[in-house]
Amino acid sequence: MITFAEKPESRKWTTGDNASVELVYILAGTDNDTVAKAHVEGNTADTYQGLTRQSISLDPEWADTATFNGRWTVTVRYGVRQPAEVGESAFSFDTGGGTQHITQSISTIHKYAPAGKVAPDFKGAVGVSHENVDGVDITVPVYNFSETHYLADSAVTAAYKVTLFTLTGKTNSALFKGLAAGECLFLGASGSKRGAEDWEITYKFAASPNKTGLTIGDITNIDKKGWEYLWVRYVDAEDANAKTIVKKPQAVYVEKVYDEGNLALLGIGT
């Protein structure tokens, strides 16, 4: 069994701009350096009081290969995280989804009416009143992601800043980050200069899937790109079975509400 305990002389601090601290342990129960290293990595934190774990030092006191036993002095050093270099990148994402108001369901699962009556068939329209189709707010798939890149000062010209501005609010005209044309919306970028030599720029995106072959009411074969807007026009119609007037889809419209842009001009890969 491996034991791992911090020594009394642990936590030697150095303060200032390059602050650091060393935590010292005794690890016993194995002669295998790989096993010892993995145990230390799994039982020490990535950060300590705002500093980042930078190194692990294993110093064998003794090892017995016959019994696979041993004892090690372990030093874990934490220090100030070094700034990213030009050309490095960082990525984040979430798939929490967005909210959309819809007036049409995918399908009507059940209809109920009093005994001897027939529930009107609204062809999937949701929240139908005498005058309107009220609809409902639902969560829809939206993939939000961002990328932070570190660019040389020479790359962030006035023209490049204008490119960021003009591409904001545009969808991808071609495949971009694995997303088909029309699925990725560029939400804009924010940047700051680090000293005199480079820039840290974060690019924000949202993705929504393209749809094909949709059916709304009796209308079929509807195609819609991810960031196009779909809406339905309803008309009064007679439901002969229910002997009542209902709202039914008369036509479906797919509207282009975002221009397309060449997101490859962002210069962060496709």
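Between which two strands does the loop that holds Tyr258 lie? The legends below take up this and other close-up views of a predicted model.

**View A. Tyr258 and a nonpolar patch on the surface.** Tyr258 is placed in the loop that runs between strand S17 (244-255) and strand S18 (260-261). Its relative accessibility is 31%, and because buried residues have under 20% and exposed ones over 50%, Tyr258 counts as partly exposed. Together with Tyr229, Trp231, Tyr253 and Val257, Tyr258 forms a nonpolar patch on the surface, and the accessible area of these residues together is about 470 Å².

**View B. The largest nonpolar core.** This core has 18 residues, and those with the most contacts inside it are Tyr203, Phe205 and Leu266. The elements that contribute two or more residues to the core are strand S10 (143-152), helix H2 (158-167), strand S12 (184-194) and strand S13 (198-207), with S13 giving the most, namely 5 residues. In soluble globular proteins, nonpolar side chains tend to be buried together.

**View C. The surroundings of Leu266, and a second core.** When neighbours within four places in sequence are left aside, Leu266 is in contact with Tyr160, Leu164, Leu167, Phe176 and Phe186, as well as with Tyr203 and Phe205. Separate from the largest core there is a second one, made of 13 residues, which include Leu23, Tyr25, Ala36 and Val40.

**View D. Thr148 in strand S10 and its polar contact with Thr202.** Thr148 is part of strand S10, and it counts as buried because its relative accessibility is 14%, where the cut-off for a buried residue is under 20%. The side chains of Thr148 and Thr202 are joined by a polar contact of 2.9 Å. Not counting residues up to four places away in sequence, Thr148 touches Glu88, Ser89 and Ala90, and also Glu200, Ile201 and Thr202.

**View E. Glu88 in the loop between strands S6 and S7.** Glu88 is found in the loop between strand S6 (69-79) and strand S7 (89-94), and with a relative accessible area of 39% Glu88 is partly exposed, whereas Thr148, which Glu88 contacts, is buried. Leaving aside neighbours within four places in sequence, the residues in contact with Glu88 are Thr148, His149 and Tyr150. Glu88 and Glu200 both touch Thr148; these two glutamates are 112 residues apart in sequence, and their C-alpha atoms are 9.9 Å apart in space.

Definitions and conventions:
Residues numbered from 1 in each chain as written. Predicted model: local features only at pLDDT ≥ 70, side-chain atom pairs only at ≥ 80, totals over all residues. Heavy atoms only, no water. Patch = residues over 30% accessible without salt bridge, like charges linked within 9 Å, V, L, I, M, F, W, Y side chains within 5 Å. Areas by Shrake-Rupley, 256 points an atom, 1.4 Å probe, with all protein chains shown as cover. Salt bridge = Lys/Arg side-chain N within 4 Å of Asp/Glu carboxyl O. Helix = DSSP H or I, 4+ residues; strand = E, 2+ residues; numbered from the N terminus. Buried < 20%, exposed > 50% of the residue type's maximum accessible area, 1.4 Å probe, protein only. Core = buried A, V, L, I, M, F, W, Y, C linked by side-chain atoms within 4.5 Å. Contact = heavy atoms within 4.5 Å. Polar contact = N/O pair within 3.5 Å; in protein donor to acceptor, adjacent residues only side chain to side chain.
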